[in-house]
Amino acid sequence: MRSNRRFYYLGLALVAGLSLGLRFWQLGRFNSLVFDEVYYVKFAQAYLAGEPFFDAHPPMGKYAVATGIWLYEHTPWLHLTTQTVTAEVNLAPTSYRWMNALVGSLIPLVVVGLALSMTDVRETARRWSFGILAGAFVAVDGLFVTESRYGLVNIYIVFFGLLGHWLWMAARREERWAIGMVLRGLSGVALGCAIATKWNGLGYVLTLVIWECWQRTRQDVHKPCWQEILCLVFFPLATYGVLWWPHLQINSESFLSIHRILFLFHQDLDDVQVACSRWFTWPLLIKPIAYWYEEVGAQAYTVNNLGNPALWLLSAASVVLLCVQRLSRIQQKIVQLLGDQPKNEGTYNSDKSAQNDVVGYLLIGQMANWLPWVLVGRCTYNYLYMPAAVFGFMLLAWLLSGWLAISSSALSRQVGFVTLVAIAFAFVFWLPLSLGSPLTPEQLQLRWWLPTWI
C-alpha cells in the first residue's frame, strides 16, 4: 500500500511539473500584445494608475493581471530573464503573463483535488487513477495551455469555479459541522470570484444548485436548505458585489448603472467576425482561433487556441455515451414506476453508488456550463467552452480509470492504453501551436487538418 501511495504521489508531481513547465516555458517569447491582451493588459494598467475606462466584463480577471504587474515591478526575483518591453504598454511581457501562468498551472491540481473529493476512498486505485488522469488531461490541453500563457481572463473563471466545487465537495465529506460550514462559505466566495470574472461563471453555481436539488430528491430530504441558499446564493452575490467596489470608485459609477450599461451592451452586440463559432461546434473543435501569427524568414510563429483534438473528440464521445446510459436508466425507472413493478434492489443500490454520483455530477456540470449558450444569438467563441470542457475531460478520465485500474477485461485495458497514447501523440504533435514554436510552412500546414482551423 505504501509503495502504491508513492506511485500516486509521483503521478501527482508529474502532473504539477508538466503543468508548470508548459505554462512558464519561454513565457515572454512575444514582446507584443497577443489577442485580447490589447484590452485586458491596458485595463489592468488603468486600475494601477486609477484611470477610468469602459470594459464589457466584470473586473476580477483584470484585478489579477494588475496584481501580477504590480508584484513583478516590486519584486526583483520575478525578473527571471531580461526582456524587451512591449511597446504598446511599456511592460516586460512576463509582467502581465506570469500570474495567468501560475493560476493556469494550479487548475490541474484543483481538478485532481475535486476528483479525489468526490470518489469513494475505499476504491483507492480507481480514485487516484481518476484524479491523476483528469488533472493530466487539463495540463496537456492546448486551449488551457494557450489561455494560461497570456494576459487573458478566461482562466480565472475556470480556476475559481472549480476551486468552489472542490471546497463544496470537501464540505460534503466533512463530519464536523463548523469546518464544513467554513468550507461551504469559502466555496461561495470562490464562486463569486468566478462570476466577477465573466458572467458565464454562473454555470458553476448552476451546477451545484442542480446537483444539490437532485441529491435531496434522491435521498428524500425535506429539511430546510438554508446552508445551500446562504453559500450558493448569498455568498457568491456578496462577493461579486464587493469585487466591483474598486472599479466603481475609479469610474465614478453606481453598481446598478454599470450593470444596466453592460446588459444593454451585450444585447446590442451583433458583430460577426471570422472567429465566431456556434455553441454546438465547440466540442468538435470546428473553429479554433489564431491568437498570433508572424513569419520570420522561412519560419512561421503561430499561437492557436486549438484544444487537444484526440482529448476533445474522445471527451465528447464520453459525454454522449454516458448521457445515453443515464437516459436509459431513467427510462427503465419510468417504465417500472408506471407498470407498478417492484423495485429491483440491485438497480436501486447501483443508483446510490459513488460511480453514479460521479457521472451524474459531471454530466450536470457539462450541461450547466454549455447548454445555456443555446440562448445566446450573438457572436460567440470556442474559448467559452472552457468551463464545460473540464467536466468532459473528467468524464473521459472516469471511464479510463475504470478500464485501467479495476477492469478484469484485457480488451478494456488495451482500449484504455490506446486512448492514452492517442491523447499523448496529439499533445506532442499540436503543442507548437500552443507555445508559438517556430514551424516551417509545410509543418504548419500539416497541423491544419480542417479548412476552418486556419
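**Stop 1: Glu37 and Arg97**

Begin by selecting Glu37, which counts as buried, with a relative accessibility of 0%. The model in the viewer is a predicted one. Next, add Arg97 to the selection; this residue is also buried, its relative accessible area being 0%. Display both side chains and look for their point of contact. Glu37 and Arg97 form a salt bridge, in which the closest N and O atoms are 2.9 Å apart. Glu37 belongs to helix H2 (residues 37–49), while Arg97 sits in the loop between helix H3 (60–74) and helix H4 (98–117), so the salt bridge ties together parts that are 60 residues apart in sequence.

How many salt bridges does the structure hold? There are four, and the tour visits two others after this one.

**Stop 2: Glu212 and Arg172**

Select Glu212 and Arg172 together. A salt bridge links the two residues, with 2.8 Å between the closest N and O atoms. Because Glu212 lies in helix H9 (residues 202–218) and Arg172 in helix H7 (residues 154–173), this pair ties together parts that are 40 residues apart in sequence.

Is Glu212 buried or exposed? Glu212 is buried, at a relative accessible area of 6%. Arg172, on the other hand, is partly exposed, with a value of 34%. The limit for a buried residue is under 20% relative accessible area, and that for an exposed residue is over 50%.

**Stop 3: Glu174 and Arg176**

Move along the chain to Glu174 and Arg176. Their side chains meet in a salt bridge of 2.8 Å, taken from N to O. Glu174 is partly exposed, at 23% relative accessibility. Arg176 counts as exposed, with 53%.

**Stop 4: the disulfide**

Now select Cys276 and Cys379 and show their sulfur atoms. These two cysteines are joined by a disulfide, with an S to S distance of 1.7 Å. A search of the whole structure finds one disulfide. View the bond from the side: the torsion about the S-S bond of Cys276 and Cys379 is about -100°, so the disulfide is left-handed.

Which parts of the chain does the disulfide tie together? Cys276 lies in the loop between helix H12 (255–268) and strand S1 (290–296), and Cys379 lies in the loop between helix H15 (354–370) and helix H16 (386–406), so the pair connects parts that are 103 residues apart in sequence. Cys276 is partly exposed, at 21% relative accessibility, whereas Cys379 is buried, with a relative accessible area of 9%.

**Stop 5: cysteines outside the disulfide**

Select Cys231, which is in no disulfide. The nearest cysteine sulfur belongs to Cys225 and is 11 Å away. A disulfide requires the two sulfur atoms to be within 2.5 Å. Cys231 is buried, at 0% relative accessibility.

Continue to Cys323, which is likewise in no disulfide. For Cys323, the nearest cysteine sulfur is that of Cys213, 19 Å away.

**Stop 6: the largest cavity**

The tour now turns from atoms to empty space. Rolling a probe the size of a water molecule over the atoms reveals where such space is left. The structure holds four cavities of 30 Å³ or more.

To find the largest cavity, select Val140, Gly142, Phe427, Trp430 and Ser434, which lie nearest its centre among the 13 residues of its lining. This cavity contains about 70 Å³ of space. Colour helix H6 (142–148) and helix H17 (410–435), each of which supplies at least two residues of the lining. Which of the elements gives the most to this lining? H17 does, with five residues. By class, the lining comprises eight nonpolar, four polar and one charged residues.

**Stop 7: the second largest cavity**

Finally, select Pro283, Trp312, Ser315, Ala316, Val319, Gln366, Tyr385, Ala389, Gly392 and Phe393, which line the second largest cavity. Helix H13 (309–338) and H16 are the elements that give two or more residues to this lining. H13 gives the most, with four residues. The second largest cavity holds about 60 Å³ of space. Its lining residues divide into seven nonpolar, three polar and no charged.

Note on methods
Residues numbered from 1 in each chain as written. Predicted model: local features only at pLDDT ≥ 70, side-chain atom pairs only at ≥ 80, totals over all residues. Heavy atoms only, no water. Buried < 20%, exposed > 50% of the residue type's maximum accessible area, 1.4 Å probe, protein only. 1 Å grid on protein atoms, 1.4 Å probe; cavity = no way out; pocket = protein on both sides within 12 Å on 5 of 7 lines; lining within 4 Å. Points joined across faces, edges and corners; volume = space filled by probe spheres on them. Nonpolar A, V, L, I, M, F, W, Y, C, P; charged D, E, K, R; others polar.
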